[in-house]
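Thanks for coming. I will walk through one chain today, starting with a term and then going from part to part.

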Amino acid sequence: MDATTSRGASSSLPLHLIVDDALALVTPLQQSFQRSQRLCFGDSAPGEFPLAANPSIVLHVLTSCNLDPEDLAHLEATCTFFRKPANFPPDFDLSMSELAALDLCQKRAIFKPMTAHERELFKQCCGGSWKLVLRFIMAGEACCRREKSQAIAGPGHSIAVTASGAVYTFGSNNSGQLGHGNLEEEWRPRVVRSLQGIRIIQAAAGAGRTMLVSDAGRVYAFGKDSFGEVEYGGQGSRVVTTPQVVESLKDIYVVQAAIGNFFTAVLSREGRVYTFSWGNDTRLGHQTEPNDVQPHLLTGALENIPVVQIAAGYCYLLALACEPTGMSVFSVGCGLGGKLGHGSRTDEKYPKLIEQFRNLNIQPVVVAAGAWHAAVVSKDGRVCTWGWGRYGCLGHGNEECESVPKVVEALSGVKAVHVATGDYTTFVVSDKGDVYSFGCGESSSLGHNTITEGNNRHTNILSPELVTSLKRVNERMVQISLTNSIYWNAHTFALTDSGKLYAFGAGDKGQLGTELVAQQSERGTPERVEIDLN
């Protein structure tokens with residue numbers, strides 16, 4: 001979706017409005033296509049159809065085919081018809097490709113409520129082109145499953161969001177984090193009825209706390225009433241047992257929330273990052289009290305660069321940024337273990353660019369922050385990991401730390417599309433729907449079970465291994481979620497493209513969505529959760 005490629009692919013074109021001089025940049029294939037562009041304006045042989053005769057039909061085709069921004073940019077480069085003013089409302093000066101990009105933006109829930117002034121500011125923030133705005137929106141949809149079904153494996157409790165935006169919760173409920181108005185555990189998925197009529201597009205789970213984001217940009221929170229609660233601490237004794245709107249965020253249209261240890265972060269529609277708490281000693285570029293309920297804009301390098309995804313780990317935050325020149329990753333917070341990716345273990349009070357991706361010629365498209373390590377998927381399907389390598393969670397065949405991102409060579413034959421990280425555990429999903437895992441094998445959360453594979457299911461996996469137990473399900477996996485906590489036994493969810501949800505790992509609190517056999521506290525093989533997320 002971005003304007004650059006890697007791994008030796010042919011060069012792409014910038015997504016800005018392209019002028020005639022840019023035609024010198026196109027590939028020989030595109031140049032050969034130019035020889036036929038006379039057909040666009042009617043200088044054609046009998047029986048040939050000129051595009052210019054029915055521009056409204058062309059616009060309809062472009063928008064109904066859901067072309068990505070790079071496709072639209074290539075059309076501008078290969079044919080004058082697509083880059084000259086189209087003379088269509090709402091802006092008669094826009095090219096056909098720009099109009100198509102604008103129409104595709106208008107189909108998105110986060111774009112529809114914007115005023116004309118807000119849209120223009122949004123466009124300038126993204127680089128001055130509707131194609132760049134579309135790239136920004138699509139990048140966020142791809143890495144966060146925004147407006148799609150999703151499952152979240154929290155610390156002891158679980159969240160499932162259907163494609164229509166209904167929310168189910170189950171598992172531990174000691175702080176009211178299930179949102180049902182009580183403190184009782186749930187061993188089966190139960191819908192949060194107080195959210196009826198509200199479409200949820202994203203969810204986040206922390207220790208004893210849940211946050212939900214609606215398609216109207218509102219944030220609902222319940223459980224421990226604190227944005228900066230440590231996983232085991234004395235603050236935040238008040239609990240909220242039903243979803244409540246976060247009042248301090250009412251003036252910010254939020255599209256994603258992330259809960260880390262000591263702090264919470266949210267991402268606005270315009271790509272700005274706000275954080276709560278953990279600001280004493282200016283750890284995140286601002287000074288606050290631990291129980292602060294006011295959002296603070298993350299200052300520094302990201303103030304003028306839109307962010308499409310945030311990921312929160314143990315005392316640190318990653319931000320996937322979308323610039324006109326390509327995608328990049330910034331990190332801020334605690335640098336122990338090298339998890340910030342800058343080649344050192346020092347803390348960073350302000351967001352700092354991870355430069356190693358440019359050295360590796362990698363365009364990041366998905367970022368994941370584990371407790372002590374991090375991972376990225378690139379546009380060409382490579383996987384990079386860095387941070388604390390304990391139990392083999394980096395997938396490099398050892399337990400060494402890496403202070404800068406390093407390509408997982410064992411996955412060189414796999415094109416990855418999704419990555420998830422937890423407490424010393426990593427999962428990768430391929431474009432074929434296969435799942436690979438590596439790292440700590442405790443709680444059977446890696447999916448490698450002794451009964452079927454002859455290994456100790458608690459054995460640590462130092463290099464990526466295919467999760468054959470999911471392969472046997474005979475479904476294409478699209479998302480993995482696993483517990484990201486250093487205090488809770490982990491469980492894992494695997495979501496299929498047909499909306500089926502499978503669970504394995506720790507289940508002593510009902511977080512797997514099914515009751516276990518007597519004396520069991522975990523499940524080593526995936527089992528279907530009785531809920532249809534599509």
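I will call a residue buried when its relative accessible area is under 20%, exposed when over 50%, and partly exposed in between, with a 1.4 Å probe and protein chains only. Helices (H or I, at least four residues) and strands (E, at least two) are DSSP runs, numbered from the N terminus. This is a predicted model, in which local features need pLDDT of at least 70 and side-chain atom pairs count only at pLDDT 80 or more, while totals for chains, interfaces and linings use all residues. Residues are numbered from 1 along each chain as its sequence is written, and side-chain values use heavy atoms, with hydrogens and water left out.

Let me begin with one helix. Which residues of helix H6, residues 116–126, are buried? They are Arg119, Phe122, Lys123 and Cys126. Around the axis they cover an arc of only 100 degrees, which puts them on the same side of H6. The arc is that of the directions from the helix axis to the C-beta atoms. As general background, an α-helix has 3.6 residues a turn, so residues three or four places apart point the same way. The cover over the buried residues of H6 includes helix H5 (96–106) and H7. Just after H6 comes glycine 127, with a positive phi of about 125 degrees.

Now the whole chain. It has 10 helices and 28 strands. Of its 534 residues, 59% count as buried. For contacts I mean heavy atoms within 4.5 Å. Among the contacts with a separation of 6 or more, 53% are between residues 24 or more positions apart.

Next, the core. A nonpolar core is a set of buried Ala, Val, Leu, Ile, Met, Phe, Trp, Tyr and Cys residues joined through side-chain atoms within 4.5 Å. The largest one has 98 residues, and the members that touch the most others are Met96, Phe111, Ile310, Leu317 and Ile480. Helix H7, residues 130–144, gives the most to this core, with 10 residues. Where does this core lie with respect to domain 1 and domain 2? Domain 1 (51–142) and domain 2 (144–226 + 239–528) both give residues to it, so it lies between them. Those domain bounds come from an automatic or database domain assignment.

Take leucine 317 as an example. Not counting neighbours within four places in sequence, its contacts include Phe263, Val273, Leu298, Ile310, Phe330 and Val332. There is also a second, separate core of 16 residues, which includes Met211, Phe227, Val246 and Phe276.

On to the strands. Two strands pair if DSSP finds at least two bridges between them. Strand S1 (residues 150–153) and strand S2 (residues 157–161) run antiparallel and are joined by four bridges. Glutamine 150 stands opposite valine 161 in S2. S1 and S2 make a hairpin with three residues between them, and glycine 156 in the turn has a positive phi of about 90 degrees. Are the two faces of S1 covered or uncovered? Both are covered: Gln150 and Ile152 on one side, and Ala151 and Ala153 on the other, are all buried.

Two open sheets follow. One has four strands in the order S25-S26-S27-S28, with antiparallel pairing. Strand S25 (477–482) and strand S28 (522–532) stand at its edges with a single partner strand each, so one side of each is left without a neighbour in the sheet. Inside this sheet, strand S26 (residues 491–496) and strand S27 (residues 500–506) are joined by five bridges. Histidine 491 has glycine 505 in S27 as its bridge partner.

The other sheet also has four strands, in the order S9-S10-S11-S12, and its pairing is antiparallel. Strand S11 (residues 273–276) pairs with S12 over two bridges. There, tyrosine 274 has leucine 297 as its bridge partner.

Last, two loop residues. Serine 175 sits in the loop between strand S3 (167–171) and strand S4 (186–191), and at 5% relative accessibility it counts as buried. Glycine 335 is in the loop between strand S15 (326–333) and strand S16 (348–353). Is glycine 335 buried or exposed? Glycine 335 is buried, with a relative accessible area of 1%. Leaving out residues up to four places away in sequence, glycine 335 touches Leu340, Ser344, Arg345, Thr346 and Asp347.
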